[in-house]
Amino acid sequence: MTDASSTPAIPVTIHRSDYRAPDWSIPDIALDFALGIDATKVGAALSVVRQADAPVPLLLRGDGLTPAAVRVDGEVWNGWRMDGSDLIVDLGERNAATVEVDTVIDPASNTQLSGLYASGGLLCTQCEAEGFRRITFHPDRPDVLSRYKVRMQGDKAAFPILLSNGNCVDQGEEGSDHWALWEDPWPKPSYLFALVAGDLVVNKDSFTTMSGREVELGIWVRGGDQDRTGHAMQALKDSMAWDERVYGREYDLDLFNIVAVSDFNMGAMENKGLNIFNTRYILADPDTATDVDYDGVEGVVAHEYFHNWSGNRVTCRDWFQLSLKEGFTVFRDQNFSADMGSPPVKRIEDVRLLRAAQFPEDAGPLAHPIRPDSFQEISNFYTATIYNKGAEIIRMMATMVGPERFRNGTDLYFDRHDGEAATCEDFVKAIEDGAGIDLGQFRRWYEQAGTPRLKLSLAEEGGVWSLNIVQTVPPTPGQPGKQPMMMPLRLAAFAMDGSSDALADTLVTVTGATQRIALGKFAARPALSVNRGFSAPIIVDFERGPGELAWLAAHDDDPFARYEALQQLMLDTLVAAVSGKTGDHQAVIEAVGQTLTGAASDPAFVAEAVLLPSEAFIGDQMVTVDPDAIRRERLALQAAIGAALETKWRAILAGSAPPATDLSSKAKGGRRLRGVALAYLAATGAGDAPALAFRIFSDADGMTERQAALATLAHGDSDERVAALDIFYQRYRDNPLVLDKWFQVQAWSLRDDTVDAVKALAQHPDFTLANPNRVRSLYGALTGNQAAFHQADGAGYRLIADLVIALDPKNPQTSAKMIPPLGRWKRFDEGRQALMKAELERILAQPGLSRDVTEQASKSLLG
Ligand code: BES
Ligand code: ZN
């Protein structure tokens with residue numbers, strides 16, 4: 001059950017403008033853990049120093065804790081009281097003191113997976129954002145930085161491995177117990193504290209830093225999983241080298257440990273010197289992990305490692321500054337992954353994610369600036385806006401000043417704020433000062449929510465062409481009027497018939513609500529290549545005929561722009577078809593055919609480019625989303641492309657797949673293209689498609705091919721489908737990460753009985769609400785399946801609302817993450833609107849709802 005303490009009757013809103021520096025600092029903390037799965041004793045000794053000018057009590061936040069004893073400077077102390085779940089210690093006139101508080105917690109019953117919890121016999125912590133207060137009383141705010149000494153003791157058989165932040169400085173035995181003392185020399189906020197105790201095996205390696213220091217690396221997993229840690233280890237070493245080379249940042253401890261746990265709310269956590277990961281971002285081998293999984297491991301390992309500087313050495317002053325560490329670190333991991341693989345393909349993937357997850361957020365009831373002004377529950381603000389739009393804002397600064405000046409800016413940022421808790425403003429100022437750019441207007445990106453739109457038109461005067469730009473930023477909740485944004489816009493212009501010179505890649509800065517840009521002389525209307533590389537995270541409205549788009553898809557010298565042109569061509573066709581006009585399949589078929597034969601093309605790029613836009617993205621282009629028409633027309637276009645280019649798809653599939661152990665970009669691209677080819681072929685309804693898919697499924701030497709074939713079969717209604725699902729289940733039933741895929745492909749299915757299938761799968765003996773990965777693999781996949789989730793009778797909505805209600809008492813963080821899809825009601829017809837709102841109301845009517853779910857559901861209902 002949720003603690004009463006975390007379910008306030010009236011939601012409290014925290015405002016950024018209310019920030020005040022802490023009254024007390026805590027230079028040193030000593031923690032003493034007597035470990036037990038269902039009772040862990042925690043002794044905390046905080047050395048506190050008053051910062052306020054006048055005497056003030058010490059406020060220590062708690063969540064579900066009761067103080068067993070309080071001592072001040074070694075004496076039993078009665079000058080304390082509880083204020084709700086918090087502890088207030090009256091220290092009289094003291095300027096400094098040592099405050100000791102003892103508590104007892106029960107990790108086994110901690111189903112929220114925040115604080116100290118048990119995951120399959122293992123004890124581990126998750127403290128960001130406000131989990132430390134579930135372990136011991138503490139201010140638990142990121143601007144209170146302390147040096148930690150951690151002693152832990154426990155039964156040697158139950159907890160053979162004892163880990164915490166920093167270095168192990170001493171250890172010993174006491175009967176059947178053993179203990180370890182860890183010290184972290186770097187002052188850190190409480191959210192970066194971590195402890196792990198349990199039976200783990202390690203993959204050890206080492207890294208020599210640029211100054212020649214030897215760092216011991218360890219990846220800790222359950223026995224039997226160590227052979228699946230090689231890719232994560234390589235990613236870690238690559239990340240360490242990359243951060244030295246690209247940002248001049250060296251690792252700063254002698255030890256770097258990663259632990260993988262099965263039950264984890266998020267992907268991974270950057271605790272100082274002891275990252276804790278969801279197993280899904282550590283474990284990978286060709287038999288169980290797809291190429292997407294491999295890339296996920298590499299990207300997340302890098303992300304958490306990069307936080308050592310962007311997040312840990314320089315941390316956040318308060319949680320409103322979250323994008324300071326997350327947006328910047330996502331930008332860093334994106335560039336790392338681009339450097340490790342194919343930069344254009346990585347950019348396409350990142351933009352696709354931004355459009356799938358962030359644009360809808362920015363257009364809906366939960367829209368917020370990358371630096372929010374208020375929140376009720378911070379866990380609800382780990383959003384695509386903070387992360388992915390936040391990364392785009394950093395990217396724009398980097399684009400405007402270029403790599404060298406950007407590096408000057410980041411050097412200044414790290415030097416200026418090392419060891420501090422900084423703000424987004426500190427970052428922008430450092431880039432301004434270090435890179436030499438005025439970011440006055442640019443700061444609006446931190447203040448204004450909503451995706452800017454540029455409406456473009458071309459004009460000609462005396463043979464000279466120019467581009468007219470009209471910029472608008474839509475209203476969002478609480479922000480009815482907006483100012484124009486500053487943004488870098490990369491463009492080029494081509495004479496399609498070669499009669500004039502092209503305007504080569506040009507970077508312009510857009511600042512105004514209206515702006516005119518000279519393109520130069522062209523004998524006829526040029527083909528404009530605009531927002532190349534997606535230089536700004538905006539929506540471009542620009543009417544271009546199929547001829548121009550097809551030409552750009554074939555000839556633009558920027559691969560991202562080629563991708564965009566083909567996507568726009570597909571989108572225009574689909575939107576026309578869905579709106580009852582005739583969608584011109586032929587232009588798309590020709591462009592796809594041309595892209596497939598594009599001589600020098602990299603298969604990974606081709607696979608991305610020929611993929612149809614998602615149902616959700618098609619819906620985003622419409623005034624009122626019609627999920628059934630979108631599915632119908634998208635499948636029709638897919639079938640038409642499948643049939644018209646059938647020989648090409650068959651030729652791709654006739655070759656053999658690159659060996660699953662080959663993880664080069666080329667091999668990954670080859671496998672991805674085969675998956676796309678199979679999907680197109682199956683869409684035609686070709687009689688032999690199920691047999692072919694089944695053969696690929698059976699012959700596959702790795703999970704990428706196997707899963708792609710299974711997913712294709714899962715859409716259909718063949719005997720092969722039933723057989724493959726059964727074979728897959730029997731083979732992988734003991735591997736939780738692979739079993740997640742089995743649930744996921746069924747929830748992704750385009751069959752019209754998918755909602756019922758999900759309902760049935762929720763009753764499967766292997767389904768559990770206790771594991772967030774399992775919940776996401778079934779219900780998260782359903783919300784991503786647009787036509788199923790939006791089934792007209794509301795069964796999809798009901799299923800999600802039932803889940804939110806059932807999961808909330810166990811795990812409010814993960815439960816609240818399922819709500820945003822229900823909040824998109826404004827985009828749908830009246831019937832669906834009513835059904836969606838009714839489910840939000842039903843959720844809100846539940847007694848004892850968490851703060852997490854209350855905030856998300858009530859804001860979503862407002863629209
Ligand atoms: N600091 C977060 C993890 C986190 C966030 C833990 C909120 C608890 C509450 C971590 O650095 C992170 O951002 N992880 C991402 C993956 C990353 C590659 C974007 C995640 O967990 O999804
Ligand atoms: Zn992060």
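**Exercise 1. Find Lys-346 and work out whether this lysine is buried or exposed.**

Solution. Start with the place: Lys-346 is found in helix α4, which covers residues 343-362. Keep in mind that this is a predicted model. Next, look at the accessibility. The relative accessible area of Lys-346 is 16%, and the cut-off for buried is under 20%. Lys-346 is therefore buried. Finally, look for its partners. Not counting residues up to four places away in sequence, Lys-346 touches Gln-334, Ser-337 and Ala-338. Helix α3 spans residues 322-340, so look there for these partners.

**Exercise 2. Find the protein donors of the zinc ion (ligand 2) and describe the site.**

Solution. Step one is to list the donors. His-303 and His-307 each give their NE2 atom, and Glu-326 appears twice through OE. These atoms lie 1.9 to 2.7 Å from the zinc ion.

Step two is to read the donors along the chain: their spacing is H-x3-H-x18-E. The pair His-303 and Glu-326 links distant parts of the chain, with His-303 in helix α2 (residues 291-306) and Glu-326 in helix α3, 23 residues apart.

Step three is the geometry. The zinc ion has six donor atoms, and the angles among them run from 54 to 163°. To count as octahedral, six donors need opposite ones over 155 degrees apart and all others between 65 and 115. The site is irregular.

Step four is the surroundings: both His-303 and Glu-326 are buried.

**Exercise 3. Compare the span of α3 with what is expected, then check how covered α3 is.**

Solution. Helix α3 has 19 residues. From its first C-alpha to its last, α3 reaches 27 Å, close to the 27 Å expected at 1.5 Å a residue. As for cover, 17 of the 19 residues of α3 are buried, so the helix is mostly covered.

**Exercise 4. Work out why helix α21 counts as largely enclosed, and name what covers it.**

Solution. Helix α21 takes in residues 772-783. Go through the buried ones: Pro-772, Asn-773, Arg-774, Val-775, Ser-777, Leu-778, Tyr-779, Ala-781 and Leu-782. That is nine of the twelve, so the rest of the structure largely encloses α21. Now look at what sits over those buried residues. The cover includes strand β21 and the helices α19 (736-747), α20 (754-761), α22 (786-789), α23 (795-807) and α24 (812-816).

**Exercise 5. Place Thr-279 and Tyr-563, and list what each one contacts.**

Solution. Take Thr-279 to begin with. Thr-279 sits in the loop between β21 (274-278) and α2. With 10% relative accessibility, Thr-279 counts as buried. Setting aside neighbours within four places in sequence, Thr-279 is in contact with Ala-260, Val-261, Ser-262 and Leu-737.

Now for Tyr-563, which belongs to helix α9 (residues 559-578). Tyr-563 has a relative accessible area of 3%, so this tyrosine is buried. Its contacts, again leaving out neighbours within four places, are Ile-348, Arg-352, Phe-605, Glu-608 and Ala-609.

**Exercise 6. Spot what is unusual in the backbone at Asp-73, Asp-140 and Ala-129.**

Solution. Begin with the background: most residues other than glycine have a negative phi, and most peptide bonds are trans.

- Asp-73 has a positive phi of about 45°. Asp-73 lies in the loop between β5 (69-72) and β6 (75-76), and is partly exposed, with a relative accessible area of 40%.
- Asp-140 also has a positive phi, about 50°. Asp-140 lies in the loop between β11 and β12, and counts as buried at 2% relative accessibility.
- Ala-129 comes after a cis peptide bond from Glu-128, with omega near -5°. Ala-129 is in the loop between β11 (122-126) and β12 (145-155).

**Exercise 7. Step back and decide how compact the whole chain is.**

Solution. Count the elements: the chain has 26 helices and 31 strands. Its radius of gyration is 28 Å, close to the 29 Å that the globule rule gives for 863 residues, so the chain is as compact as a globular protein of that length. Its C-alpha atoms fill a box of roughly 85 × 65 × 60 Å along the principal axes. Of the 863 residues, 58% count as buried. Among contacts between residues at least 6 apart in sequence, 69% join residues at least 24 apart.

Key. Residues numbered from 1 in each chain as written. Chains lettered and ligands numbered in written order. Predicted model: local features only at pLDDT ≥ 70, side-chain atom pairs only at ≥ 80, totals over all residues. Heavy atoms only, no water. Donors = N, O, S within 2.8 Å, 3.2 Å for Na, K, Ca; no water. Tetrahedral: all angles 85-135°; square planar, octahedral: opposite > 155°, others 65-115°. Helix = DSSP H or I, 4+ residues; strand = E, 2+ residues; numbered from the N terminus. Buried < 20%, exposed > 50% of the residue type's maximum accessible area, 1.4 Å probe, protein only. Expected span 1.5 Å × (residues − 1). Rg over C-alpha atoms; globule rule 2.2 N^0.38 Å. Contact = heavy atoms within 4.5 Å.
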